[in-house]
Amino acid sequence: MMLKAILAALMIAAPALAGELRGTGDLGLIVEREAGSLLVVDRSERAAIGRIEGLGDLSHASLVYSPDERFAYVFGRDGGLTKVDILTRQVVRRVVQAGNSIGGAISDDGRLVAVANYEPGGVKVFDAETLELVADVPMGSKTVGIADAPGSRFVVATWDTGEVWILDHSTDAAQPAITKLEGIGANPYDALLTGDGRHYIVGLFGEKGLVQVDLWQDPPKVTRFLPDYGKDQPDLPVYKMPHLQGWTLAEGLFALPAVGLHQLLWVDAADLTEIARTDLAGQPVFALARPDKREVWVNFAPPDNDKLQVVDVLTHEVLDTLTPGKGVLHMEFAPRGREVWLSVRDENRVEIRDARSRAVLGEIEARAPSGIFFTDRAHRTGL
């Protein structure tokens, strides 16, 4: 057993052979936030196969993939933008492009990478090949919820000014055509773009309600909804803001984690009316639909972040409550929904469960793991 563990550790530490021939469709990256590293995993083998180090501050880090699923672009909280090669397991290029960033996106043609910044604010856009700066778009505000939209466009919300900006790089990458939507609401904190690239939904922290921007309309149509959500309930301390990229569209319904409430909100996507609520074990953070959309899996902010709950999409009832361990920060389903991987930060491991029986299938050692990102994300809009 000891020899097996030593060999596994040596394999993870060693760089990949340049001549090794393999696909990338079943690979993924797991963020090791405190170590500033990425664990390269093989989903088919349920195993770690390498580690990429030297990525700076990875607290709240996220990443996107190139269309060929070979390269990943990692957005660090320290403003670092790092391009890594998951086959050779090496850093290709790295720039520190701001003082504090909060995520990014890659254009649908894979040529541009955009970063949303807290400090100094605005959005910077880079060449995906070289990481050279292509466009710098100051917005006079922190920016949040950036997403790629079809047609070499990026959509982003501004925290301080309550706006949504649409940057269209299709004609001139360096001089994007800008559409600015004002008066969206107070303090947008995150956003989601639906998989068809049509609806950009913005969560508001400074007031009740949410906003939908219909990008198919010309000009884009802005609709407020759920203006009274939480109105008659006391505001609770918010231990961790929900991640809206975890918002789910299933069976024509949005399943939305409520801010500061122990509830999942069900909203009809056609008319944006609330149709139901599900009481949960804590404040929800991510609410992810299993790829077949039959169930929604929810994790929680402290002190309930040792739990997961599984909710039925048809009945809106909680089917199961799981306790994988302390600090369940993220969930990622295999592309066809056979299994789900869970980062259990405080126990330094990733747990793998069957997504139907919910039985534990295996686990992988990782250093304070947070985000899990499989390469199939390369082909999904809005991530």
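Let's start with strands 25 and 26. Strand 25 covers residues 295-300, and strand 26 covers residues 308-312. They pair in the antiparallel sense, over five bridges. One place to look is Glu 295, which stands opposite Asp 312 in strand 26. Keep in mind that this is a predicted model.

Now zoom out to the sheet. Strands 24, 25, 26 and 27 make an open sheet of four strands, in the order 24-25-26-27, with antiparallel pairing. Which strands stand at the edges? Strand 24 (284-289) and strand 27 (318-322) do. Each has a single partner strand, so one side of each is left without a neighbour in the sheet. From one strand to the next, the twist averages 20°. A quick reminder for the newer people: strands of a sheet pair through backbone hydrogen bonds, either parallel or antiparallel.

Next, a loop residue. Find Arg 290, in the loop between strand 24 and strand 25. Is Arg 290 buried or exposed? Its relative accessibility is 3%, and the cut-off for buried is under 20%, so Arg 290 counts as buried. What does its side chain do? It makes a polar contact with the side chain of Asp 292, at 2.8 Å. Leave out residues up to four places away in sequence, and Arg 290 touches Glu 295, Phe 333, Gly 337, Ala 355 and Arg 356. We met Glu 295 already, opposite Asp 312. Phe 333 and Gly 337 come up next.

On to strand 29, residues 339-344. Six of its six residues are buried. Glu 339, Trp 341 and Ser 343 point one way. Val 340, Leu 342 and Val 344 point the other way.

Strand 29 has partners. Strand 28, residues 328-333, joins strand 29 through five bridges, and the two run antiparallel. Here Phe 333 has Val 340 as its bridge partner. The two strands form a hairpin with five residues between them. In that turn, Gly 337 has a positive phi of about 80°.

Then comes strand 30, residues 349-354. Six bridges join strand 29 to strand 30, again antiparallel. Val 340 turns up here too, opposite Arg 353 in strand 30. This hairpin has four residues between the strands, and Asn 348 takes a positive phi near 50°.

Now the rings. How many aromatic pairs are there? The count comes to three. I'll show two of them.

Take Trp 297 and Phe 333. Their ring centres are 5.7 Å apart and their planes are at 90°, so the pair is edge-to-face. Trp 297 is in strand 25 and Phe 333 in strand 28, and the pair links parts of the chain 36 residues apart. Both residues are buried.

Then Trp 341 and Phe 374. This pair is edge-to-face as well, 5.2 Å centre to centre, with 90° between the planes. Trp 341 lies in strand 29 and Phe 374 in strand 32 (residues 369-374), so the pair ties together parts that are 33 residues apart in sequence. Trp 341 counts as buried, at 0% relative accessibility. Phe 374 counts as buried too, at 1%.

Phe 374 has one more feature. The charged end of Arg 43 sits over its ring, 5.6 Å from the centre. Elsewhere, the charged end of Lys 142 sits over the ring of Tyr 118, 5.3 Å from its centre.

Conventions. Residues are numbered from 1 along each chain as its sequence is written. This is a predicted model: local features need pLDDT of at least 70, side-chain atom pairs count only at pLDDT 80 or more; totals for chains, interfaces and linings use all residues. Side-chain values use heavy atoms; hydrogens and water are left out. Two strands pair if DSSP finds at least two bridges between them. Axes are lines fitted to C-alpha atoms, for helices over the stretch in contact, and angles run from 0 to 180 degrees between N-to-C directions. Buried means under 20% relative accessible area, exposed over 50%, partly exposed in between (1.4 Å probe, protein chains only). A polar contact is a pair of N or O atoms within 3.5 Å; within protein, one must be able to donate a hydrogen and the other to accept it, and residues adjacent in sequence count only if both atoms are side-chain atoms. Contact means heavy atoms within 4.5 Å. Rings of Phe, Tyr and Trp (its six-membered ring) pair if their centres lie within 6.5 Å; planes under 30 degrees apart count as stacked, over 60 as edge-to-face and the rest as tilted. A charge sits over a ring if NZ of Lys or CZ of Arg is within 6 Å of the ring centre and within 35 degrees of the ring normal.
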